[in-house]
Amino acid sequence: MKTDLSFANLAEIETELLAVLAVDTQTSKGPDSKPNPVLLTADGAVKAAAVSALASGEFKAGANETLLLHAPAGLAAKRLLIVGLGKEAKATVNQVRNAAGTAVRFAKPRGIRELAFALPESELLPPGPCARAALEGAIVGDFDPDTYRSDRRDLSIRSFSLAAPVSSERDAIQTASDEGVIVGESQNFTRSLVNEPGNKLPPTALGQRAAEMAGQVGLQSAVYSTDKLHELKMGSFWAVSQGSEEPPALIVLRYEPEGVTEGPVLGLVGKGITFDTGGISIKPAEKMELMKYDMAGGAAMLGAMRAIARLKPKVRVICIVCAAENMPDGKAQKPGDVQTAMSGKTIEVINTDAEGRMVLADGLSYAKQLGATHLIDAATLTGACVVALGTANAGSFSNNDETFAKFQGALATSGEKFWRLPLGEEYAEQIKSDIADIKNTGGRHGGAITAAEFLKVFAEDTPWIHLDIAGMAWIEDSKPYIARGPSGFAVRSILEWVRSY
Ligand code: BES
Ligand code: MN
Ligand code: ZN
């Protein structure tokens, strides 16, 4: 998708489709109150073109609701698309992000391959953040997961043009929309990795894709395998991979901005299980095919690193993705086995399906060994997190309020929802083992929390955040602004957390 930015009168823009936003300004709630949709533009010609359609009452300006007008009078555009943001009081930058995606996903199936999107003019919606969000939303909306369909028709948008008012602060909007392009493309990079099936993207291939991306954006990279795991004594990570014919990949990326030799070193650690059968504690067949997305945490870290390399924040970052395939086999680890992690801690394996925490344990230790002063991990870690929070919020955990506050702050920009869940001694009790230091499952109660407690043992005293994105990384049903399938969730929040340092 080619993107550009123009400062022109909307009426004069020659385009296949001009998208303009609207809010519902009706505030009373009585049985007779009718929605009152109002366009977020000062352009008289656009308002005139839409006036009778808006007066008809057919369009309520609900969030992501659309109304199409052909050959709008007085406009150079062939079509005018009005996209709703919902109630005026609730219209947010995040809604603008979604509305841009909605416009793109409206155009795609209709064979419309070029559109202009009017930056909303409203006191409640700051132009810079809206410009960035619009480009993110458009690029994310353009992604479809049909990579391997032979009847695939390329319906992707050729050109998306953001139309800002002539009077705009041009430099600020240009910078913001350039950022939006980087972030949207990075989120789609993550989605393209998560979309790949287990046979097409085993750990080695994930490592290759990471190294390729690193080369393109100027990150240092190294991809190691079995020998390095043994050398580093990563007994926990290795134990997960030992049942697979596919060798593991220990992916290490580094971002070292010029001149920054002091201050924090942020360690990003991702779960990269390219397929999770459960191992000897094998999963039921139902929906097992979805376990190709068990590397979404790792892919989110790679997407965030791509954006970091392009946006160049002044802080050093290390990224570690622990990639392995969790398979049952004659050589696979068994329930009851005891593994020694890189940190020296011993782990009793109760369930081989609790493999994510085992690879992350060594990933966290390694990030610390490489100098990380602050840690963040992302993982599709537990079904229990999905039971607890559903598909509206990801789980988040931390051993450090100050570090977590920075993450919380990042969410205002990312528009992603995370809910902080507790940690505590009582939960840590649940993973005590008779034979070893800890066991890898803590029973049915509080499963997302006991998994986090397990990771906390390896973060030790280092400030650390854990993101459980099991319910968020894969979208079951398409939304007006995003295709079903891989979401690229957490890329934006991790990026903004890094940029907050
Ligand atoms: N990858 C799964 C978690 C998962 C479940 C991700 C559903 C996405 C959707 C993880 O490795 C796993 O199997 N966790 C177990 C842990 C249990 C054995 C303690 C789970 O959640 O059932
Ligand atoms: Mn598992
Ligand atoms: Zn898993």
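Which residue bridges the manganese ion (ligand 2) and the zinc ion (ligand 3)? Asp276 does, and the two ions lie 3.1 Å apart. This is a predicted model.

## The manganese site

The manganese ion (ligand 2) takes protein donors from Asp276, Asp353 and Glu355. Asp276 gives a carboxylate oxygen (OD). Asp353 gives both O and OD. Glu355 gives OE. These contacts run from 2.0 to 2.2 Å. Along the sequence, the spacing of the donor residues is D-x76-D-x1-E. Asp276 sits in strand S10 (residues 265-276), while Asp353 is in the loop between strand S13 (346-348) and helix H9 (356-369). The two residues are 77 apart, so the pair links distant parts of the chain.Geometry comes next. Six donor atoms surround the manganese ion (ligand 2), and the angles they subtend range from 69 to 167°. That spread makes the arrangement irregular. The two aspartates also differ in cover. Asp276 counts as buried because its relative accessibility is 3%. Asp353, at 23%, counts as partly exposed.

## The zinc site

The zinc ion (ligand 3) has four protein residues as donors: Lys271 (NZ), Asp276 (OD), Asp294 (OD) and Glu355 (OE). They lie 2.0 to 2.4 Å from the ion. In sequence, the donor residues follow the spacing K-x4-D-x17-D-x60-E. Asp294 is in the loop between S10 and helix H8 (296-311), and Glu355 is in the loop between S13 and H9. The pair therefore ties together parts that are 61 residues apart in sequence. Both Asp294 and Glu355 are buried.

What is the arrangement at the zinc ion (ligand 3)? It is octahedral, with angles of 78 to 175° among six donor atoms. For six octahedral donors, the ideal angles are 90 or 180 degrees.

## Ligand 1

Ligand 1 is surrounded by 16 residues. The closest are Lys283, Asp294, Asp353, Glu355 and Gly383. Among these, Asp294 is also a donor of the zinc ion (ligand 3), and Asp353 is a donor of the manganese ion (ligand 2).

Three polar contacts stand out for inspection. An oxygen atom of ligand 1 lies 2.8 Å from a polar side-chain atom of Lys283. A nitrogen atom of ligand 1 is 2.8 Å from an N or O atom in the Asp294 side chain. At Gly383 the contact is with the backbone: a polar atom there is 2.7 Å from an oxygen atom of ligand 1. Taken alone, ligand 1 exposes 510 Å², and the protein buries 77% of that.

## A three-strand sheet

Strands S12, S13 and S17 form an open sheet, in that order, with mixed pairing. The edges are strand S12 (338-340) and strand S17 (438-439), each of which pairs on one side only. Three bridges join S12 to S13, and the sense is antiparallel. Val338 stands opposite Glu348 of S13. The loop that follows S13, leading to H9, holds Asp353.

## Strand S18 and its partners

Is strand S18 (464-468) mostly covered or mostly open? Mostly covered: five of its five residues are buried. In a regular strand, side chains alternate between the two faces of the sheet. On one side of S18 are Trp464, His466 and Asp468. On the other are Ile465 and Leu467. All of them are buried, and both faces are covered.

S18 has a parallel neighbour in strand S14 (residues 374-379), joined by five bridges. Within that pairing, Leu375 has Trp464 as its bridge partner. Strand S15 (residues 394-398) runs antiparallel to S18, with four bridges between them. Here Ser396 is partnered with Leu467.

## Two positive phi values

Lys233 has phi near 60°, a positive value in a residue other than glycine. Lys233 lies in the loop between helix H6 (226-231) and helix H7 (235-241). Lys233 is exposed, with a relative accessible area of 63%.

Glu460 also has a positive phi, about 55°, and is not a glycine. Glu460 is found in the loop between helix H13 (447-459) and strand S18. Its relative accessibility is 39%, so Glu460 counts as partly exposed.

Key
Residues numbered from 1 in each chain as written. Chains lettered and ligands numbered in written order. Predicted model: local features only at pLDDT ≥ 70, side-chain atom pairs only at ≥ 80, totals over all residues. Heavy atoms only, no water. Donors = N, O, S within 2.8 Å, 3.2 Å for Na, K, Ca; no water. Tetrahedral: all angles 85-135°; square planar, octahedral: opposite > 155°, others 65-115°. Buried < 20%, exposed > 50% of the residue type's maximum accessible area, 1.4 Å probe, protein only. Pairing = 2+ DSSP bridges. Near = heavy atom within 4 Å. Polar contact = N/O pair within 3.5 Å; in protein donor to acceptor, adjacent residues only side chain to side chain. Areas by Shrake-Rupley, 256 points an atom, 1.4 Å probe, with all protein chains shown as cover.
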